[in-house]
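Visitor: I would like a close look at one part of this model, the place where the two chains meet. Please take me through that part step by step.

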Amino acid sequence: MEKKQETAAQKALRIVKGNPIVLLLLIAAIVVGFMKDNFFSWANFGNLMSNTAVRFLIALGVSGCLITKGTDLSAGRQVGFAAVVAGILCQRGDYTGRLWKWAPEMNIGLVFLIVLVLGLIWGLINGLIVTKLHVPPFIATLGTQTIIYGISLVISDAQPIGGFQKIYTTLINGRIGSVKGFHLPYLLFVAAVFGLLFWFIYNKTRHGKYMYAIGGNEVAAEVSGVNTTSTLIGIYATAGVMYAIAGYLLAAKSGGSSASMGQGYELEAIAGCTIGGVSTTGGIGTVPGILVGVLVFELLKIILQFLGVNPYYNYVVQGLVIVLAVSLDIRKYIAKK
Amino acid sequence: MSEYVLEMTDVCKAFPGVKALDHAQLKLRPGKVHALMGENGAGKSTLMKCMFGIYKMDEGQIKLDGQPVTINDPMDALHKGIAMVHQELQPIPARTVGENIFLGRYPMKKALGLIPIIDHKKMYADTAELLKKVRMNFDPKQKVGELSVSQMQSVEIAKAVSANCRVLILDEPTSSLTANEVEALFRIIADLKAEGVAIVYISHKMDEILRIGDDITIMRDGQYIGTWPASEMTTDSIITKMVGRELTNLYPPKNNVPGEVVFEVKDFTSINPRSFRNISFQLRKGEILGVGGLVGAQRTELMEGLFGIRSHSKGQIFYKGKEMHINRPKDAIDQGVAMLTEDRRGSGIMGVLSVADNISISSLNQYLDYGVSINSKKVESLVQDNVKKMNIKTPSSKTQIKSLSGGNQQKVLLGRWLANNPDVFIMDEPTRGIDVGAKYEIYCIIEEMAREGKSIIMISSEMSELIGMSDRIMVMCDGRVTGFIDGKDATQENIMALATQFE
Ligand SMILES: Nc1ncnc2c1ncn2[C@@H]1O[C@H](COP(=O)(O)OP(=O)(O)OP(=O)(O)O)[C@@H](O)[C@H]1O
Ligand SMILES: [Mg+2]
């Protein structure tokens, strides 16, 4: 009633406060920042931003599945698939290693659309399997991720793909400003646009409310007149589109792609969401939270990199953080009861 | 020895935004039924959860046999001989009755004299024994999910009894039981009393309280109002103390005039051969049609079938002469039908979502700007209107609905459906868990809807409510309609006669 509207900053602060992991990592970042010279550099900042941007898009995609008590294990493979398709179609016409020599050089905008449609189709397939065949999302997407990976291998001939059109790589890796190394990557703006869009969908549209309702109690949602089937299909389809966008961007960002691109990204995305307060028990999760979660996870990676930790140990640490984050999430849930 | 088995004094407990308990007090005598009464949100369940170790009290003292004790968690409470049947049931649907009862304390045996394993044989034998003790005869190996709400309730009671407790808390145990089962429960209570168990009995049903209560404690807004011997109290005096003012009428005067037939059901039959079959009835404009019957009469199943929650094999539904095709609730809602379901937790509330989200979910189309964007001011005014109209106690519209008291949750759900302004409103036990004062408000809302020309179907297991509110009563028994009684001629006896026609 009289309770004041929370500003975005207060909300971010609350997420940080409510989540000790976020706090710990922020402290770690500051400590590392004072230990290592280049940590607080604009280059490092830009790097963190563009890494986060792509991961954020994937996390937004998977968040809908998580909020409705599902999951999407095919996220990473869908990113790889989109990267492979975009890579093949964006190859220069005169590139000797061209995979589809018979095809004409394509407009990269058209390629973007093609990739989007394919992503949409994968998402629809996931959604249909979950809602119409009643396969639990965990199993359904476990199956489709293998299928998608197989198809990526077939169409890429299991070869790395390079020789992209210049406009594709320069456009996506573009940045604004370059004063004393300070710059803002375009990717940041892409992420911002989608962040706002998702915030709008989650908070202001029927689709968003229906999504939270399904996560809160699917039976009650159905009884209240929510078309749970079409809402869920919509969620998985949207997720597919987000992975496709991420894949398209990622291929250009790395200047090359292969079927194994995006491997494990589903887990990072799920981890990011969970660290950011998306509850695995359904019905809870916010876009600012997801952003914080992803950012913090990327920060963790950069910290480890700066500390010169053996990259193999990175996996160990990241895994520990995931387990810790989820256990704390569950703990919060139990404590409230 | 103290006169009391258990004493709670000066208990305070605050939640964000509410002071749920403000120096509450309760003193239980052995072998007596202690009725705990108060309006929705008065703090009854919270006080019990403090006793059972679910909540930690901010202040206050608990004494067991005169000795101060602290109760850390429900396990601790069970060890100290305190057991509780919750207002909101929490069984594990995919497990058997036996497993639910012995959850966490399975009887063990040694396989090969070494490895401890669960002794299923003993577990099911003990379960059968317990079920007999609570006078219920169903298969211990049946999955709890297949039971009706009332049967689940019996399982919960059996579970509490199995703990060999000295204090038993029953939080609205009869809210989903019908007359026969209530009698069965009262016999169990009498058995337990004879064994010296102290029973806390929470209910909004006055007749029950006056019948089985020995002592009555009344709470208001988290505060202790007083304790009296039940023999000195009357319905009126209880209500006055609960509400803090006098309530003269239990039912509003009825001024609705049933008009022409608008809604008609023909030969409606479930796909499940043991459920409802060949149901035909008519509903008039502005009519309140009560639906009576015992548990197992398939009243809920029939209504859920009409609303598209359950499937039917044949039959037709007409509204104003036009056939309705309903395959899922959305179809029914789009055609102006609403249904308040019986199982509040299972198919009603979305626990972690806010009061605002819960109340607006079925009527979101009404709050759109430009056809897409939900206007939160409109939603807020919907919440405030309902809060005022039904006196819903909630700290804010953003509060998670699961932290509201049971009765207040029910009011929010009622508000959800009223927001749709339905032409036909099916209500399955609309006043379950609602206090006397609020009941009257809800009856007024029902009567007003009927007066505006809406048609209402009201399932109720409370005889007086059925008789007091209905223009006509349809009685069911064993999946069939056994007769219609005009509201003016209805008596407990003629309803029961029809309800037991096939028994
Ligand atoms: N977990 C919780 N978090 C926040 N507030 C709570 C919580 N549990 C109860 N409350 C609040 O405490 C007050 C007392 O609730 P309680 O459930 O004890 O009422 P009650 O007397 O049992 O009502 P009813 O007859 O409706 O069951 C209510 O205002 C409720 O909103
Ligand atoms: Mg209660």
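Guide: What follows is a walk along the contact of the two chains, with a stop at one residue.

Keep in mind that this is a predicted model. A few words on chain A come before the contact itself. Chain A has 337 residues, and 53% of them count as buried. Its secondary structure consists of 14 helices and two strands. Among the contacts in chain A with a separation of 6 or more, 77% join residues that lie 24 or more positions apart. The exposed area of chain A is about 15400 Å², and carbon and sulfur atoms supply 68% of that area.

Now to the contact. On one side stand 28 residues from chain A, and on the other 38 residues from chain B. Together, the two chains bury about 2600 Å² between them, with 56% of this on carbon and sulfur atoms. Three residues of chain B can be singled out here: Arg328(B), Ile361(B) and Ile374(B) supply 19% of the area that chain B buries against chain A, more than any other three residues.

Next come the polar and charged pairs. The rule finds two salt bridges across the interface of chain B and chain A. In a salt bridge, the side chain of Lys209(A) meets that of Asp357(B), at 3.0 Å from N to O. Polar contact across the interface is found for 13 residue pairs, both residues being at pLDDT 80 or more.

Which elements of chain B take part? Those that give two or more residues to the side touching chain A are helix H10 (329–334), helix H11 (344–347), strand E20 (373–374), helix H13 (376–390) and helix H14 (406–418). By residue type, this side of chain B divides into 16 nonpolar, 15 polar and seven charged residues.

The stop is at Ser347(B), a residue of helix H11 of chain B. Leaving out residues up to four places away in sequence, Ser347(B) touches Asn217(A), Val219(A), Ala220(A) and Val223(A) in chain A, and Thr341(B) in chain B. With Thr341(B) there is also a polar contact, side chain to side chain, at 2.9 Å. Is Ser347(B) buried or exposed? Its relative accessible area is 10%, and the limit for buried is under 20%, so Ser347(B) counts as buried.

Notes. Residues numbered from 1 in each chain as written. Chains lettered and ligands numbered in written order. Predicted model: local features only at pLDDT ≥ 70, side-chain atom pairs only at ≥ 80, totals over all residues. Heavy atoms only, no water. Helix = DSSP H or I, 4+ residues; strand = E, 2+ residues; numbered from the N terminus. Buried < 20%, exposed > 50% of the residue type's maximum accessible area, 1.4 Å probe, protein only. Contact = heavy atoms within 4.5 Å. Areas by Shrake-Rupley, 256 points an atom, 1.4 Å probe, with all protein chains shown as cover. Buried area = accessible area lost by both parts, 1.4 Å probe. Salt bridge = Lys/Arg side-chain N within 4 Å of Asp/Glu carboxyl O. Polar contact = N/O pair within 3.5 Å; in protein donor to acceptor, adjacent residues only side chain to side chain. Nonpolar A, V, L, I, M, F, W, Y, C, P; charged D, E, K, R; others polar.
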